[in-house]
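Please look over the structure below. A short report follows, arranged by topic.

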Amino acid sequence: MTRSALSPHQSPLARTVRTGGFFLPGDIQDSDQGPWQWGPAWVQWEAPAEGTALPPLVCVHGGGGQSTDWFGVSADAPGWAPRAVEVGYPVYLLDRPGHGRSPYDPTRLGERTPFPDYAGAAALFAPDPGDPTPFNPAWEWERLPGSPELDALVASSGGILLNTALSQELDARRLVDLLERTGPAFLITHSAGSSAGWLAASRAPALVRGIVAVEPIGPPCRDLGPRGSLEYGVTAVPLDGVGRRPLEALPVLIVSGEASGRAENDAATTAFLADRGASATHVRLGDLGVTGNGHGLILEANAGHALAPVLRWLATQQAQ
């Protein structure tokens, strides 16, 4: 599956969809000033114009991102969300508490890291050749301020909550709330958003049909510096399987970009999940002929090629 054989990123999608959005209320807390909400979250959804028999996909963005990451940074290279809708999936996009359109209040959620500048965003998603971060040619656009694609990425980026355990706990609560509305769904998580997926699957296993984790935060037990650590392997709070192995028989696909430098960490995460009972498979896109992808593979120029093996895996899971 080479880019020369298929070029879905060369032109915008012709789209007719149903769309909407709603807030997931936070946990109601009492105070001297009256009740307030802890960690509400916004959800945007899109679905094919006609009804579909395909199950919902619930997408959880990464660290300093927001749900718009799933749409991509260029109209000429749609991200994973519109491509999934195009083939018939209803898609729900969660803004993790304190990110994107989900309110952030430092007195309730704690401090967060500074908003990334151009250098910080480029180092993670669009490094120049010779930078310490591996070069990713699948970012086919310019890598300097003033480039529309990099401008869009930086404009959408925010800080990361310093209290990782609190952040993951709220992510998991809102994700379970969302799954209770959608019914059983497949989760697609990216980077730091992956922990919410593992927690939701352990807390509401009947509602999680499987998880696609794109370059999940790791490796297991990683020290995150001032943000804490993955004390429980892949999460900063305990996996809550009661009377069972927390991720027993959970279908998991972990996806690594060919040029991100994260494949070994992802392999360690795959092994950790398998040891906890998951049916975990690790896919390196480069082995499938999808080359040049960095950490932002959900929004790079060849996002359609990167999504293709995920769609095949989802189809296989639905057939079982």
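## Cysteines

Cys221 counts as exposed, because its relative accessibility is 51% and the cut-off for exposed is over 50%. Cys59 counts as buried, at 3% relative accessibility. This is a predicted model, and the structure holds 0 disulfides.

## Confidence

The protein chain averages a pLDDT of 93. At least 70 is the score of 95% of the residues. Residues 1-10 are another matter: the pLDDT there is below 50. In the model this stretch still has 28 contacts beyond near neighbours in sequence. Where pLDDT is low, predicted coordinates should not be read in detail.

## The loop between β8 and β9

Strand β8 spans 208-214 and strand β9 spans 251-256. Pro219 lies in the loop between them. The peptide bond from Gly218 to Pro219 is cis. Its omega is near 5 degrees.

Two residues of this loop have a positive phi without being glycine. Glu215 is in the loop between β8 and β9, with phi near 45 degrees. Ala249 is also found in that loop, and its phi is about 65 degrees. Which of them is buried, and which exposed? Glu215 counts as buried, because its relative accessibility is 1% and the cut-off is under 20%. Ala249 is exposed, with a relative accessible area of 52%.

## Helix α3

Helix α3 covers residues 118-125. Its buried residues are Ala121, Ala122 and Phe125. Why do they lie on the same side of α3? They cover an arc of only 95 degrees around the axis, so they share one side of the helix. An α-helix has 3.6 residues a turn, so residues three or four places apart point the same way.

What do the buried residues of α3 pack against? Their partners are α4 (148-156) and β7 (185-190). There is also a polar contact at the start of α3. A side-chain oxygen of Asp117 reaches to within 3.2 Å of the backbone nitrogen of Ala119.

## His190 in β7

His190 sits in strand β7. This histidine counts as buried, because its relative accessibility is 4%. Leaving aside neighbours within four places in sequence, His190 contacts Val60, His61, Gly62 and Trp70. Phe125, Val214, His295 and Ile298 complete the list. Phe125 is also one of the buried residues of α3.

## Nonpolar cores

The largest nonpolar core has 39 residues. Trp80, Val91 and Val212 have the most contacts inside this core. Helix α8 (residues 303-319) supplies the largest share, 6 residues. A second, separate core has 35 residues. Leu94, Val176, Trp198 and Ala278 are among its members. In soluble globular proteins, nonpolar side chains tend to be buried together.

What does Val212 touch, not counting residues up to four places away in sequence? Its contacts include Leu187, Ile188 and Thr189. Leu253 and Val255 also touch Val212. The rest are Val310, Trp313 and Leu314.

Terms used. Residues numbered from 1 in each chain as written. Predicted model: local features only at pLDDT ≥ 70, side-chain atom pairs only at ≥ 80, totals over all residues. Heavy atoms only, no water. Buried < 20%, exposed > 50% of the residue type's maximum accessible area, 1.4 Å probe, protein only. Helix = DSSP H or I, 4+ residues; strand = E, 2+ residues; numbered from the N terminus. Arc of directions from axis to C-beta. Contact = heavy atoms within 4.5 Å. Polar contact = N/O pair within 3.5 Å; in protein donor to acceptor, adjacent residues only side chain to side chain. Core = buried A, V, L, I, M, F, W, Y, C linked by side-chain atoms within 4.5 Å. Disulfide = S-S within 2.5 Å. pLDDT = per-residue confidence, 0-100.
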